[in-house]
Amino acid sequence: MLLEGFNSFLGLIFTAMLVLAVVAFIMAAIAREDAYRAADKQKKSFWLIILGIAVVVNLWVPMLFVQLAGLIASIVFFVDVRPALKAVTGGSRRSGGSSSDGPYGPYNGGR
C-alpha cells in the first residue's frame with residue numbers, strides 16, 4: 001500500500017514535470033525572435049530545441065537524470081528568460097495604467 005502511494009506520487013511529479021516543459025515550450029515558441037536578441041538571451045531556436053528535448057524526454061525516455069535536466073532547463077526558462085522577454089516586449093505592464101506610469105506610480109511632471 002505504501003509503495004502504491006509512492007508510485008502515484010512519482011507519477012504526479014513526472015506529470016508536473018511534463019506540463020512544465022510543455023508550457024515552457026509553448027511560451028518559448030510564442031515569443032518573438034528579436035525579443036531574445038534584445039534581452040541578450042540565447043536564440044529562440046536554442047530554447048525551442050532544449051525545451052523540445054525536455055518534452056520528448058518526459059514523454060518517452062524514462063531516465064530520471066535526463067528528465068531532471070529538462071526540469072532544470074524549464075525552470076531556467078521561467079525564472080530567467082521569460083521575465084527578460086516580458087521586460088523587452090512590454091508584457092509586464094499592468095492593465096489600467098497609462099504610458100506615463102513609472103515603477104512607483106504615475107509620473108506627474110514634478111507637480
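## A tour from Phe9 to the Lys44 site

Select Phe9, which is partly exposed, with a relative accessible area of 47% (buried means under 20%, exposed over 50%, and partly exposed in between, with a 1.4 Å probe and protein chains only). The model is predicted, so local features need pLDDT of at least 70 and side-chain atom pairs pLDDT 80 or more, whereas totals for chains, interfaces and linings use all residues. Residues are numbered from 1 along each chain as its sequence is written, and side-chain values use heavy atoms, with hydrogens and water left out.

**The chain as a whole.** Colour the protein chain by secondary structure: 4 helices and 2 strands appear (DSSP runs, H or I of at least four residues for helices and E of at least two for strands, numbered from the N terminus). Their order from the N terminus is α-α-α-α-β-β. Of the 111 residues in the protein chain, 23% are buried. The accessible surface is about 7,900 Å², and carbon and sulfur atoms account for 67% of that surface (Shrake-Rupley method, 1.4 Å probe; for residues, only the protein chains shown count as cover).

**The nonpolar patch.** Return to Phe9, in helix α1, and add Leu12, Ile13, Phe14, Leu64 and Leu68; together these six make a nonpolar surface patch of about 540 Å². The elements giving two or more residues to the patch are α1 (2-30) and α4 (64-89), and α1 gives the most, with 4 residues. Patch residues have over 30% relative accessible area and no salt bridge; like charges are joined within 9 Å, and nonpolar side chains (Val, Leu, Ile, Met, Phe, Trp, Tyr) within 5 Å.

**Buried positions on α4 and α1.** Select Gln67 next, in helix α4. Gln67 counts as buried because its relative accessibility is 6%. Apart from residues up to four places away in sequence, Gln67 touches Phe14, Met17, Val57, Asn58, Val61 and Pro62 (contact means heavy atoms within 4.5 Å). Then move to Ala21, in helix α1, which is buried at 0% relative accessible area. Beyond its neighbours within four places in sequence, Ala21 is in contact with Ala54, Val55, Asn58 and Ser74. Measure from Ala21 to Phe77: the two are 56 residues apart in sequence and 9.6 Å apart in space, C-alpha to C-alpha.

**Salt bridges.** The count comes to 2 salt bridges (a side-chain nitrogen of Lys or Arg within 4 Å of a carboxyl oxygen of Asp or Glu). Show Lys41 and Asp80, whose closest N and O atoms are 3.0 Å apart in a salt bridge. Lys41 lies in the loop between α2 (33-38) and α3 and Asp80 in helix α4, so the pair ties together parts 39 residues apart in sequence. Lys41 is partly exposed at 26%, as is Asp80 at 38%. Then select Arg32 and Asp34, which meet in a salt bridge at 3.0 Å, N to O; Arg32 is partly exposed at 47% and Asp34 at 36%.

**Lys44.** Finish at Lys44, in helix α3 (residues 44-60). Lys44 is buried without a salt bridge, and the nearest side chain of opposite charge, Glu33, is 5.7 Å away (Lys and Arg count as positive, Asp and Glu as negative; His and the chain ends are not counted). What does its side chain reach at 2.9 Å? The partner is the backbone oxygen of Ala29. Leaving aside neighbours within four places in sequence, Lys44 is in contact with Ala28, Ala29, Ala31, Glu33 and Tyr36.

Technical notes:
A polar contact is a pair of N or O atoms within 3.5 Å; within protein, one must be able to donate a hydrogen and the other to accept it, and residues adjacent in sequence count only if both atoms are side-chain atoms.
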